[in-house]
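Student: Could you take a close look at one buried acidic residue and its surroundings for me? I'd like the contacts spelled out.

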Amino acid sequence: MKIKDNIKVIISDLDGTLLDTNHQISSYTQTIFQELYKQNYLIIVATGRHHLDAMPLIASLGFPVYLVTSNGARIHSPKKELLFSFDIESDAIKSVLQLEIDAEFTTVLFKENVWQTNKHNEKLNSFQKELNYAPELVNFNEVADLKSIKMFFTHESHGKLIELRDRILVNHAEIFSHAFSLPHCLEFMDKSVDKSVAIAKILEIENFNFEQTISFGDGYNDEKMLNASAKGLLMGNAPDSLKSKLSNLEVIGTNAENGVATYLSEKLLKEPVLSI
């Protein structure tokens, strides 16, 4: 059976997947997805980004989509209505920050309208072409309410992030789910939160199931989503460690090569569109 005989839902991550190396959706990808939308495929974008950051990016697709953000902590409908939200409680975050995490780590809390951080990080800022979701430099010891959508840490050393992860999970494994969205970005959400859980909620609303989905991703925060789909595809630019772990999945072109759009054009469109 060909893929297009069963697939009704297309799910894609953003960074390293749907976005090119300039953190934008290319004109070719826009063209392919607009044609897929016309052919009545349900489109879901699932990202670790905050919704205020992601919304302007997906607007360039030119049609409304379901949006899963902060790795599943928020779901917005195609009409931008908030359908689901779940935050990490203040005390849970406080107990992590009390571990006296070294200042060499960039610590970030996703709030509803700003992201709070202990230091200015140019690399993080570069992910936003337009500052729709502004950073706020804070001393976390002076922040009374730490309740947040998501907490994450960045460091140039993946090894040091692994050490930090293990240190945090010693007493917090039952509180948080975690994932590396990138090798240098360690993210924590409430234990109940995952992209796959949020997507399941959308599928239920739309009367679909995972057996009718195809999904694309490049990070560890995509793992459950990719495994749950009838066809999960890894980007060529995904970390080798993830490719090894998910060796059962097909690897396609990179985000720089319009990997998602090229694959969908060949496999789902009635008349494939050549890449520009």
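Tutor: Quick bit of vocabulary before we zoom in: a polar contact here is a pair of N or O atoms within 3.5 Å, and within protein one of them must be able to donate a hydrogen and the other to accept it. Keep in mind, too, that we're looking at a predicted model.

So, Asp-13. You'll find Asp-13 in the loop between strand 1 (9-12) and helix 1 (14-18). Its relative accessible area is 4%. The cut-off for buried is under 20%, so Asp-13, at 4%, counts as buried.

Now for the side chain. Asp-13 has a polar contact of 2.9 Å with the side chain of Thr-17. Another polar contact, this one 3.1 Å, links the side chain of Asp-13 to that of Lys-195.

Zooming out to general contacts, and leaving aside residues up to four places away in sequence, Asp-13 touches Leu-18, Ala-46, Thr-47, Lys-195, Phe-216, Gly-217, Asp-218 and Asp-222. Lys-195 turns up here again, having already appeared as a polar partner of the Asp-13 side chain. Two entries to flag for your protonation setup are Asp-218 and Asp-222, both among the residues that Asp-13 touches.

To put the picture together: Asp-13 sits in a loop between a strand and a helix, is buried, and makes side-chain polar contacts with Thr-17 and Lys-195.

How values were computed. Residues numbered from 1 in each chain as written. Predicted model: local features only at pLDDT ≥ 70, side-chain atom pairs only at ≥ 80, totals over all residues. Heavy atoms only, no water. Helix = DSSP H or I, 4+ residues; strand = E, 2+ residues; numbered from the N terminus. Buried < 20%, exposed > 50% of the residue type's maximum accessible area, 1.4 Å probe, protein only. Contact = heavy atoms within 4.5 Å.
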